[in-house]
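Me: I'd like to go through this structure with you, one question at a time. Please put it up first.

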Amino acid sequence: MIIQSIDRALDILSLFSYAKPRWGITDIAAAMNLPKGTIHNIVSTLDSAGFLKKDEETRKYCLGPRLFSLGTIMGGSLEINQRALGPAHNLVERTGLMSRVAIWDHDAALLTLEVAPHNYSTLAQRIGPRVAAYCSALGKSLLAYLTGSEIKKYLDRTEFTPFTPKTIVSKEDLLEEIERTRKRGYAINNEEIALGRASLAAPVFGRDQRIAGAISQAGNVDQILGSGMNTLVQNLKATAGEISMALGYYPANQDHLKGSSNRKRMHR
């Protein structure tokens, strides 16, 4: 049974994003099509509990410290993060490139771990925490190992927004890219989210033999897709395999890593 007040509170929290981190009561009421009095009561409760924080000068709200605390606990206790932290650090030390880990969550790649090289600029472009699956290496690597029915539901629900001229914007093109991703065992993002930026991602599997997450390396186009790409791919896939084994995944053969069973499901 859904409790309406809790459901509305969760909807309010879900409004906050990098694009719009601050909301006023009037804005929230308009977005949710509810009376301002109703919104005020819920927001006040969230504020008093630390899930929202009010700016007394602007009278707008931002996400509160209680959510940061819970997010930190979640990130630190997530098994894939615990298993991936060491291998990801080793990968970054070998390549000098940013590495990220993501899991599948509500039709997107949710970034749960990020390891930066020592010389990484704090001014570098920030992405996430949720990344569109159809145009990111992490997302495509996750999509490629979902079942055929899961992929179909994703396609039916997804509206393709072009972030750059290179963004995939059709279901047919995405399905072809998913098939290529399975065959080679890794995904490519070539300026699909941001011009000048590229990434590679490889799947991570769990003890249930299903996709558990993905790990990526990102940088500029020359760093990722240039002459050193083959070496990057080898290191990335080896790291993904190491994390998978740490999660209890032991494939009977390499065909499983290439998604042969998923291909059969897709063509049924």
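Me: Which residue in S8 is the bridge partner of alanine 202?

Reply: This is a predicted model, in which local features need pLDDT of at least 70, side-chain atom pairs count only at pLDDT 80 or more, and totals for chains, interfaces and linings use all residues. Residues are numbered from 1 along each chain as its sequence is written, and side-chain values use heavy atoms, with hydrogens and water left out. S7 and strand S8 (residues 211-220) run antiparallel over 9 bridges; strands (E, at least two residues) and helices (H or I, at least four) are DSSP runs numbered from the N terminus, and a pair needs at least two DSSP bridges. Within S8, alanine 202 is matched by isoleucine 215.

Me: Which residue in the turn between S7 and S8 has a positive phi?

Reply: The two strands form a hairpin, with 5 residues between them. In that turn, a positive phi of about 70° belongs to glutamine 209.

Me: Why is S7 described as largely enclosed by the rest of the structure?

Reply: Burial is the place to look, and buried means under 20% relative accessible area, exposed over 50% and partly exposed in between, with a 1.4 Å probe and protein chains only. S7 is largely enclosed because of how many of its 9 residues are buried, namely 8.

Me: And on the S6 side, what stands opposite asparagine 189 in S7?

Reply: Strand S6 (residues 187-190) and strand S7 (residues 197-205) pair in the antiparallel sense, over 4 bridges. Isoleucine 188 has leucine 200 as its bridge partner in S7. Opposite asparagine 189 is serine 199.

Me: Nice! Which residue in the hairpin of S6 and S7 takes a positive phi?

Reply: This hairpin has 6 residues between the strands. A positive phi near 60° is found there at glutamate 191.

Me: Let's turn to a loop residue: is threonine 164 buried or exposed?

Reply: Threonine 164 sits in the loop between helix H7 (148-157) and helix H8 (171-184). Setting aside residues up to four places away in sequence, threonine 164 touches Glu191, Glu192, Ile193, Ala194 and Leu195, where contact means heavy atoms within 4.5 Å. With a relative accessible area of 8%, threonine 164 is buried.

Me: How far is the backbone nitrogen of lysine 166 from a polar atom of the side chain of threonine 164?

Reply: Here the side chain of threonine 164 faces a backbone atom, the nitrogen of lysine 166. The distance from that nitrogen to the polar side-chain atom is 3.0 Å.

Me: Methionine 229 caught my eye too. How far apart in space are methionine 229 and leucine 200, C-alpha to C-alpha?

Reply: Methionine 229 belongs to helix H10 (residues 229-246) and, at 16% relative accessibility, is buried. Apart from neighbours within four places in sequence, methionine 229 is in contact with Tyr186, Ile188, Leu200 and Ile224. In sequence, methionine 229 and leucine 200 are 29 residues apart, while the C-alpha distance is 9.1 Å.

Me: One last hairpin, the one of S1 and S2: which residue there takes a positive phi?

Reply: Strand S1 (residues 52-55) pairs with S2 in the antiparallel sense over 4 bridges. Aspartate 55 stands opposite lysine 60 in S2. With 4 residues between the strands, the positive phi, near 65°, is that of arginine 59.

Terms used
A polar contact is a pair of N or O atoms within 3.5 Å; within protein, one must be able to donate a hydrogen and the other to accept it, and residues adjacent in sequence count only if both atoms are side-chain atoms.
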